[in-house]
Amino acid sequence: MVFTEDTTRNEVITRNIPTAGSIFYRSLIGIVFGFMALVLMARPAMADTRSASSMQLLETSIKNEISDKVVKTAIKAQNAAAIAEAKAAQEAEAAAKLKEEQEAAARAQAEAAAKAQEDRRNAVVSFASQFIGNPYVYGGVSLTHGADCSGFVMSVYSHFGISLPHSSDAMAGVGSRVSGGLANALPGDIIVYDGHVGIYLGGGRLLSALNSRKGITINSASYKAIESIRRVL
(Lines give C-alpha, C1' and ligand atoms only; values in the text may rest on other atoms or scores of the structure.)
Protein backbone atom coordinates (compact mmCIF):
# COMPACT_ATOMS: atom_id res chain seq x y z
CA MET A 1 0.00 0.00 0.00
CA VAL A 2 1.56 3.25 -1.04
CA PHE A 3 0.98 6.47 0.98
CA THR A 4 1.20 9.92 -0.78
CA GLU A 5 1.30 13.36 0.90
CA ASP A 6 -1.07 16.04 -0.31
CA THR A 7 1.21 19.05 0.05
CA THR A 8 -1.19 21.48 -1.51
CA ARG A 9 -3.87 20.88 1.13
CA ASN A 10 -1.35 21.05 3.93
CA GLU A 11 -0.17 24.40 2.67
CA VAL A 12 -3.70 25.71 2.63
CA ILE A 13 -4.37 24.46 6.12
CA THR A 14 -1.10 25.93 7.30
CA ARG A 15 -2.07 29.39 5.93
CA ASN A 16 -5.44 29.33 7.69
CA ILE A 17 -3.97 28.64 11.12
CA PRO A 18 -3.03 31.97 12.82
CA THR A 19 0.20 32.24 14.70
CA ALA A 20 0.66 33.79 18.16
CA GLY A 21 2.60 36.70 16.71
CA SER A 22 -0.09 37.66 14.28
CA ILE A 23 -2.74 37.64 17.04
CA PHE A 24 -0.69 40.02 19.21
CA TYR A 25 -0.02 42.27 16.26
CA ARG A 26 -3.69 42.52 15.38
CA SER A 27 -4.64 43.23 18.99
CA LEU A 28 -2.05 46.01 19.19
CA ILE A 29 -3.36 47.60 16.00
CA GLY A 30 -6.88 47.47 17.41
CA ILE A 31 -5.82 49.15 20.62
CA VAL A 32 -3.97 51.89 18.74
CA PHE A 33 -6.93 52.56 16.46
CA GLY A 34 -9.28 52.59 19.44
CA PHE A 35 -7.12 55.10 21.31
CA MET A 36 -6.92 57.30 18.26
CA ALA A 37 -10.68 57.18 17.93
CA LEU A 38 -11.07 58.24 21.58
CA VAL A 39 -8.63 61.11 21.04
CA LEU A 40 -10.49 62.28 17.96
CA MET A 41 -13.79 62.08 19.82
CA ALA A 42 -12.38 64.02 22.79
CA ARG A 43 -10.85 66.85 20.76
CA PRO A 44 -14.17 68.56 19.85
CA ALA A 45 -15.21 68.42 23.50
CA MET A 46 -11.91 69.99 24.59
CA ALA A 47 -12.24 72.59 21.87
CA ASP A 48 -15.76 73.36 23.05
CA THR A 49 -14.50 73.63 26.64
CA ARG A 50 -11.71 75.99 25.61
CA SER A 51 -14.20 78.01 23.51
CA ALA A 52 -16.67 78.26 26.43
CA SER A 53 -13.85 79.31 28.76
CA SER A 54 -12.70 81.95 26.28
CA MET A 55 -16.26 83.27 26.00
CA GLN A 56 -16.57 83.48 29.78
CA LEU A 57 -13.28 85.37 29.98
CA LEU A 58 -14.38 87.74 27.22
CA GLU A 59 -17.75 88.28 28.87
CA THR A 60 -16.10 88.93 32.22
CA SER A 61 -13.66 91.36 30.59
CA ILE A 62 -16.48 93.26 28.87
CA LYS A 63 -18.49 93.39 32.10
CA ASN A 64 -15.46 94.70 33.99
CA GLU A 65 -14.81 97.30 31.31
CA ILE A 66 -18.44 98.42 31.34
CA SER A 67 -18.40 98.50 35.14
CA ASP A 68 -15.24 100.62 35.11
CA LYS A 69 -16.81 103.00 32.62
CA VAL A 70 -19.98 103.26 34.70
CA VAL A 71 -17.95 103.95 37.85
CA LYS A 72 -15.82 106.54 36.07
CA THR A 73 -18.89 108.17 34.58
CA ALA A 74 -20.56 108.23 37.99
CA ILE A 75 -17.45 109.75 39.56
CA LYS A 76 -17.26 112.38 36.82
CA ALA A 77 -20.95 113.17 37.26
CA GLN A 78 -20.52 113.37 41.02
CA ASN A 79 -17.49 115.63 40.63
CA ALA A 80 -19.34 117.81 38.13
CA ALA A 81 -22.30 118.05 40.49
CA ALA A 82 -20.01 118.92 43.38
CA ILE A 83 -18.26 121.58 41.30
CA ALA A 84 -21.60 123.00 40.15
CA GLU A 85 -22.88 123.02 43.72
CA ALA A 86 -19.73 124.72 44.98
CA LYS A 87 -19.94 127.27 42.15
CA ALA A 88 -23.60 127.92 42.91
CA ALA A 89 -22.77 128.34 46.61
CA GLN A 90 -19.97 130.78 45.74
CA GLU A 91 -22.26 132.75 43.43
CA ALA A 92 -24.99 132.81 46.08
CA GLU A 93 -22.47 133.95 48.68
CA ALA A 94 -21.14 136.62 46.32
CA ALA A 95 -24.69 137.77 45.53
CA ALA A 96 -25.57 137.88 49.23
CA LYS A 97 -22.39 139.80 49.96
CA LEU A 98 -23.08 142.21 47.10
CA LYS A 99 -26.64 142.71 48.32
CA GLU A 100 -25.39 143.29 51.86
CA GLU A 101 -22.83 145.79 50.58
CA GLN A 102 -25.46 147.55 48.48
CA GLU A 103 -27.85 147.71 51.43
CA ALA A 104 -25.06 148.98 53.66
CA ALA A 105 -24.15 151.58 51.03
CA ALA A 106 -27.82 152.58 50.73
CA ARG A 107 -28.10 152.87 54.51
CA ALA A 108 -24.91 154.87 54.66
CA GLN A 109 -26.15 157.12 51.85
CA ALA A 110 -29.52 157.58 53.56
CA GLU A 111 -27.82 158.27 56.87
CA ALA A 112 -25.47 160.73 55.19
CA ALA A 113 -28.41 162.45 53.48
CA ALA A 114 -30.33 162.57 56.76
CA LYS A 115 -27.26 163.94 58.52
CA ALA A 116 -26.81 166.51 55.79
CA GLN A 117 -30.44 167.54 56.13
CA GLU A 118 -30.10 167.69 59.90
CA ASP A 119 -26.96 169.79 59.57
CA ARG A 120 -28.76 172.08 57.15
CA ARG A 121 -31.74 172.48 59.48
CA ASN A 122 -29.40 173.24 62.36
CA ALA A 123 -27.61 175.72 60.12
CA VAL A 124 -30.94 177.46 59.43
CA VAL A 125 -31.72 177.63 63.14
CA SER A 126 -28.23 178.89 63.93
CA PHE A 127 -28.35 181.50 61.18
CA ALA A 128 -31.82 182.74 62.15
CA SER A 129 -30.96 182.89 65.86
CA GLN A 130 -28.26 185.52 65.35
CA PHE A 131 -30.96 188.06 64.51
CA ILE A 132 -32.78 187.74 67.83
CA GLY A 133 -33.54 191.22 69.21
CA ASN A 134 -33.66 192.93 65.82
CA PRO A 135 -36.77 195.03 65.13
CA TYR A 136 -40.12 194.05 63.71
CA VAL A 137 -41.13 196.19 60.72
CA TYR A 138 -44.40 195.59 58.97
CA GLY A 139 -43.75 194.68 55.33
CA GLY A 140 -39.99 194.62 56.00
CA VAL A 141 -37.60 191.90 54.78
CA SER A 142 -34.32 193.03 56.37
CA LEU A 143 -32.90 190.69 58.98
CA THR A 144 -30.92 193.50 60.53
CA HIS A 145 -33.05 196.63 60.02
CA GLY A 146 -36.45 195.10 60.44
CA ALA A 147 -38.84 192.53 58.98
CA ASP A 148 -42.35 191.29 59.59
CA CYS A 149 -43.05 187.60 60.38
CA SER A 150 -43.24 186.33 56.80
CA GLY A 151 -40.45 188.69 55.67
CA PHE A 152 -38.21 187.25 58.39
CA VAL A 153 -38.87 183.60 57.42
CA MET A 154 -38.55 184.42 53.70
CA SER A 155 -35.19 186.19 54.17
CA VAL A 156 -33.75 183.42 56.36
CA TYR A 157 -34.54 180.71 53.81
CA SER A 158 -33.42 182.89 50.94
CA HIS A 159 -29.95 182.74 52.47
CA PHE A 160 -30.04 178.95 51.88
CA GLY A 161 -31.30 179.23 48.31
CA ILE A 162 -34.96 178.51 49.06
CA SER A 163 -37.51 180.96 47.66
CA LEU A 164 -40.65 181.55 49.73
CA PRO A 165 -43.61 183.93 49.35
CA HIS A 166 -43.89 187.07 51.47
CA SER A 167 -47.18 185.99 53.04
CA SER A 168 -48.04 183.85 56.06
CA ASP A 169 -51.15 182.52 54.35
CA ALA A 170 -49.15 181.57 51.22
CA MET A 171 -46.52 179.83 53.35
CA ALA A 172 -49.22 177.43 54.52
CA GLY A 173 -48.82 175.68 51.17
CA VAL A 174 -45.02 175.49 50.77
CA GLY A 175 -42.92 172.36 51.08
CA SER A 176 -44.55 169.25 52.54
CA ARG A 177 -47.04 168.97 55.36
CA VAL A 178 -45.84 167.52 58.67
CA SER A 179 -48.55 165.45 60.36
CA GLY A 180 -48.78 164.78 64.07
CA GLY A 181 -48.24 168.29 65.40
CA LEU A 182 -45.16 169.44 67.28
CA ALA A 183 -44.29 165.85 68.22
CA ASN A 184 -43.12 165.30 64.65
CA ALA A 185 -41.78 168.77 63.95
CA LEU A 186 -38.05 169.22 63.36
CA PRO A 187 -35.83 172.28 63.84
CA GLY A 188 -36.10 174.46 60.74
CA ASP A 189 -39.74 173.57 60.00
CA ILE A 190 -42.08 176.47 59.28
CA ILE A 191 -45.00 176.80 61.66
CA VAL A 192 -48.02 178.66 60.33
CA TYR A 193 -50.69 180.28 62.52
CA ASP A 194 -53.65 182.44 61.77
CA GLY A 195 -51.95 185.71 60.73
CA HIS A 196 -48.49 184.66 61.83
CA VAL A 197 -45.54 182.40 60.83
CA GLY A 198 -42.21 181.48 62.37
CA ILE A 199 -39.32 178.97 62.38
CA TYR A 200 -39.37 176.01 64.77
CA LEU A 201 -36.24 175.74 66.93
CA GLY A 202 -37.11 172.41 68.54
CA GLY A 203 -37.98 171.76 72.16
CA GLY A 204 -41.37 173.46 71.73
CA ARG A 205 -39.80 176.83 70.86
CA LEU A 206 -40.63 179.22 68.01
CA LEU A 207 -38.36 181.91 66.52
CA SER A 208 -40.24 184.70 64.74
CA ALA A 209 -40.66 188.39 64.21
CA LEU A 210 -43.48 188.45 66.72
CA ASN A 211 -44.58 192.08 66.90
CA SER A 212 -43.33 195.64 67.05
CA ARG A 213 -42.93 195.48 70.82
CA LYS A 214 -40.80 192.25 71.04
CA GLY A 215 -39.31 192.25 67.56
CA ILE A 216 -37.49 189.03 66.49
CA THR A 217 -37.78 186.77 69.50
CA ILE A 218 -38.30 183.27 70.89
CA ASN A 219 -41.59 182.16 72.41
CA SER A 220 -43.59 178.98 72.86
CA ALA A 221 -44.53 177.28 69.58
CA SER A 222 -47.92 176.46 71.08
CA TYR A 223 -48.67 180.02 72.15
CA LYS A 224 -51.74 179.78 69.92
CA ALA A 225 -53.39 177.22 67.66
CA ILE A 226 -51.18 175.87 64.89
CA GLU A 227 -52.72 175.76 61.44
CA SER A 228 -49.96 173.93 59.60
CA ILE A 229 -46.38 172.73 59.91
CA ARG A 230 -44.41 172.80 56.65
CA ARG A 231 -41.05 171.20 55.85
CA VAL A 232 -38.95 172.79 53.13
CA LEU A 233 -35.61 171.10 53.98
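Read along the sequence, the protein chain follows the pattern α-α-β-β-α-α-β-β-β-β-β-β, with 4 helices and 8 strands. Helices (H or I, at least four residues) and strands (E, at least two) are DSSP runs, numbered from the N terminus. The model is predicted, so that local features need pLDDT of at least 70 and side-chain atom pairs count only at pLDDT 80 or more, whereas totals for chains, interfaces and linings use all residues. Residues are numbered from 1 along each chain as its sequence is written, and side-chain values use heavy atoms, with hydrogens and water left out.

Of the 233 residues of the protein chain, 24% count as buried; buried means under 20% relative accessible area, exposed over 50%, and partly exposed in between (1.4 Å probe, protein chains only). The protein chain exposes about 15,900 Å², of which carbon and sulfur atoms supply 59%; accessible areas come from the Shrake-Rupley method with a 1.4 Å probe, and for residues only the protein chains shown count as cover. Among contacts in the protein chain with a separation of 6 or more, 54% come from residues 24 or more positions apart, a contact being heavy atoms within 4.5 Å.

An open sheet is formed by 6 strands in the order β3-β8-β4-β5-β6-β7, and the pairing is antiparallel. Two strands pair if DSSP finds at least two bridges between them. Because β3 (176–177) and β7 (215–220) each have a single partner strand, they stand at the edges, and one side of each is left without a neighbour in the sheet. Strands β5 and β6 pair in the antiparallel sense over 3 bridges, and Tyr-200 has Leu-206 in β6 as its bridge partner. Helix α3 packs on the sheet, touching β4, β5, β6 and β7, and its direction makes about 50 degrees with that of β5. Axes are lines fitted to C-alpha atoms, for helices over the stretch in contact, and angles run from 0 to 180 degrees between N-to-C directions.

Helix α3 (residues 149–158) is mostly covered, with 9 of its 10 residues buried; Cys-149, Phe-152 and Met-154 are among them. In soluble globular proteins, nonpolar side chains tend to be buried together. The largest nonpolar core has 27 residues, of which Phe-152, Val-153, Val-156, Tyr-157, Leu-164 and Ile-190 touch the most other members. Helix α3 gives the most to this core, with 6 residues. Apart from it lies another core, of 8 residues, including Val-178, Ile-191, Tyr-193 and Tyr-200. A nonpolar core is a set of buried Ala, Val, Leu, Ile, Met, Phe, Trp, Tyr and Cys residues joined through side-chain atoms within 4.5 Å.

Two buried serines make polar contacts through their side chains, as tabulated here.

| Residue | Element | Relative accessibility | Side-chain polar contact |
|---|---|---|---|
| Ser-228 | strand β8 (residues 226–231) | 6% | Arg-177, 3.4 Å |
| Ser-150 | helix α3 | 5% | His-166, 3.5 Å |

A polar contact is a pair of N or O atoms within 3.5 Å; within protein, one must be able to donate a hydrogen and the other to accept it, and residues adjacent in sequence count only if both atoms are side-chain atoms. Not counting residues up to four places away in sequence, Ser-228 touches Ala-172, Arg-177, Ile-190, Ile-191 and Val-192. On the same basis, Ser-150 touches His-166, Ser-167, Ser-168, Met-171 and Val-197.
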